Amino acid sequence: MHADVTKEFVYMHKVFAVGRDQRLHDNPRLIEACRTAGTLLPVYDLDPSISYGPHRIAFLLDSLRAMQLQLRSRGSDLLLRVQAPSINDTRWYSASPTLYDAADLSFNLPALPEVFTSFRRLLEKHAVPVQIPIDAPAVLPPLPDGIVCPAIPSPAQLGYDVIACDARSAFPFTEQHWRAGEESAREHLREYLTSHTVDSYKATRNGLIGTSFSSKFSPWLALGNISARTITTALWDYEEEHGANDGTYWLWFELVWRDFFAFRAQQRGLTPCDTLERAKVHPQFLAWTSGTTGAAFVDAAMKELLLTGWLSNRMRQIAASYLINELQLPWEWGEAWFAMQLIDYDPASNEGNWRYIAGEGADPRGGRRFSIDHQQKTYDPNSEYIAYWR
Ligand code: FAD
């Protein structure tokens with residue numbers, strides 16, 4: 001008798017940890033929660049022990065605000081709680097929802113290849129399917145009685161430092177098109193494809209300045225404003241209509257990198273970010289973070305990161321290599337700094353890429369040392385990028 005009453009309570013009243021699934025479309029966890037709940041309370045637990053840089057927290061709160069409005073329009077709401085997520089919920093705040101379902105892979109996760117190329121080839125060889133994205137719920141179960149969800153506060157209201165995103169940003173997230181949230185993410189996908197910008201993706205993806213050299217999906221993907229399978233199925237529809245090309249293939253290829261790091265993290269776990277206690281008093285680390293090392297190309301990147309919370313893949317690689325190989329500082333310090341600053345912070349991709357450059361992860365070549373001079377000659381021959389962030 002007692003067990004039945006408990007079961008009914010669990011059935012009726014559910015708390016849904018939004019975590020990094022901040023969208024209504026293609027959100028299987030949300031659909032499942034709606035199916036089995038009498039009342040549903042969507043919550044986001046903002047862990048006060050995490051060090052958020054000003055741009056990362058601003059983008060996150062914007063995304064939660066957008067989701068709150070969507071939920072309100074469907075009879076629900078979103079409650080922000082300033083507390084660490086419960087042990088049961090932590091995975092929703094750290095794991096990256098993948099493009100491929102682990103259950104569809106041709107191998108079990110413990111047999112995940114060590115090297116990216118082998119992983120990608122297996123996907124292609126077995127034509128692993130991508131599950132079709134599912135619709136958003138039309139309505140949501142009501143909130144439990146008596147629950148009132150205040151509007152999502154601003155960073156200042158929560159006591160965080162506020163620095164406006166610099167207008168030169170390659171992802172100017174205070175402008176309408178680049179706002180956090182599901183609507184902007186879906187509109188960006190639509191526009192990215194209808195404008196055929198994707199066709200030039202492979203040729204332009206190593207660009208450094210402007211909003212259109214790469215796809216710019218990462219901040220929305222990082223918070224789950226859009227799912228990788230929504231992007232990929234739209235990409236494949238585009239290929240059906242207009243034909244596949246280098247651009248469409250390479251965009252998929254990069255999304256597969258994201259899955260590779262996500263599956264590695266699922267398989268091996270992630271190391272918690274360094275606290276930066278020792279790093280904070282290290283003069284060379286401070287010079288790196290503030291863009292004052294004296295290496296102009298690297299300094300431009302670090303200023304861009306500080307002023308905008310975003311950085312191109314090329315400059316992330318160069319800045320990381322400089323910290324590891326030239327300054328000879330622990331990669332974990334750089335990883336923690338990126339985690340704090342990036343609006344697209346993704347634990348698995350960040351740790352995976354830092355390890356890769358440090359030669360500790362999925363790299364058959366044992367690390368990446370970038371010649372800063374050579375990189376500048378190749379990617380910024382007229383020093384435009386350096387001048388842009390001076
Ligand atoms: P595009 O070039 O348009 O690629 C499309 C998508 O593919 C990206 O949005 C991303 O989801 C995925 N992707 C592309 N390159 C990579 C890659 N190397 N690893 C994993 N996924 C990739 N990406 C993050 O999303 N979050 C991070 O915290 C992060 N930290 C990084 C740290 C370092 C040191 C380096 C070198 C790279 C890091 N990346 C990270 C990967 C990559 O730099 C960004 O995903 C990319 O620059 C985002 O821009 P975009 O969306 O325009 O990418």
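Q: How do you know that β2 is joined to β3, and how do the two run?
A: 3 bridges join β2 to β3, and the two run parallel. Strands pair if DSSP finds at least two bridges between them, so 3 bridges qualify. Across the strands, Tyr44 stands opposite Leu80 in β3. This is a predicted model, in which local features need pLDDT of at least 70 and side-chain atom pairs pLDDT 80 or more, while totals for chains, interfaces and linings use all residues. Numbering starts from 1 along each chain as its sequence is written, and side-chain values use heavy atoms, leaving out hydrogens and water.

Q: What makes β1 and β2 a pair?
A: They share 5 bridges in the parallel sense, with β1 at residues 13–17 and β2 at residues 39–45. The bridge partner of Ala17 in β2 is Val43. Strands here are DSSP runs (E, at least two residues), helices are runs of H or I (at least four), and both are numbered from the N terminus.

Q: Why is the crossover from β1 to β2 given its handedness?
A: The chain leaves β1, passes through helix α2 (residues 28–36) and enters β2; this β-α-β crossover is right-handed. The term applies if, with the strands pointing away from the viewer, the path from the first strand over the helix to the second runs clockwise. Helix α2 lies across β1 and β2, at about 170 degrees to β1. Angles run from 0 to 180 degrees between N-to-C directions, with axes fitted to C-alpha atoms, for helices over the stretch in contact.

Q: Which strands are edge strands, and what makes them so?
A: The open sheet has 3 strands in the order β1-β2-β3, with parallel pairing. Its edge strands are β1 and β3 (79–81), each pairing on one side only. The twist averages 35 degrees from one strand to the next.

Q: Why is Gln176 called buried or exposed?
A: Gln176 has a relative accessible area of 65%. Buried means under 20%, exposed over 50% and partly exposed in between (1.4 Å probe, protein chains only). Gln176 is therefore exposed. Its place is in the loop between α5 (116–125) and α6 (182–194).

Q: Why is helix α14 described as largely enclosed?
A: Of its 11 residues (331–341), 10 are buried, so the rest of the structure largely encloses it. Among the buried ones are Trp331, Trp333, Trp337 and Phe338. The cover includes α3 (54–73), α11 (283–290), α12 (296–308), α13 (313–326) and α15 (347–358).

Q: Is Arg316 buried or exposed, and what makes it count that way?
A: Arg316 has 16% relative accessibility, so it counts as buried. It lies in helix α13. Beyond its neighbours within four places in sequence, Arg316 is in contact (heavy atoms within 4.5 Å) with Trp310, Leu311, Phe338, Leu342 and Asp344.

Q: What makes the phi of His196 stand out?
A: Phi is positive, about 65 degrees, although His196 is not a glycine. Most residues other than glycine have a negative phi. His196 is partly exposed, at 33%. Lys216 also has a positive phi, near 65 degrees, and is not a glycine. Lys216 is buried, at 2%.

Q: Which residues come nearest to the ligand?
A: Tyr201, Ser214, Ser215, Lys216 and Asn313 do, out of 27 around the ligand. A residue is near if one of its heavy atoms lies within 4 Å.

Q: What makes the approach of Glu254 to the ligand a polar contact?
A: A polar side-chain atom of Glu254 lies 3.1 Å from a ligand nitrogen atom. A polar contact is a pair of N or O atoms within 3.5 Å, so this pair qualifies. A polar backbone atom of Ser218 is 3.0 Å from an oxygen atom of the ligand.

Definitions and conventions
Polar contact = N/O pair within 3.5 Å; in protein donor to acceptor, adjacent residues only side chain to side chain.
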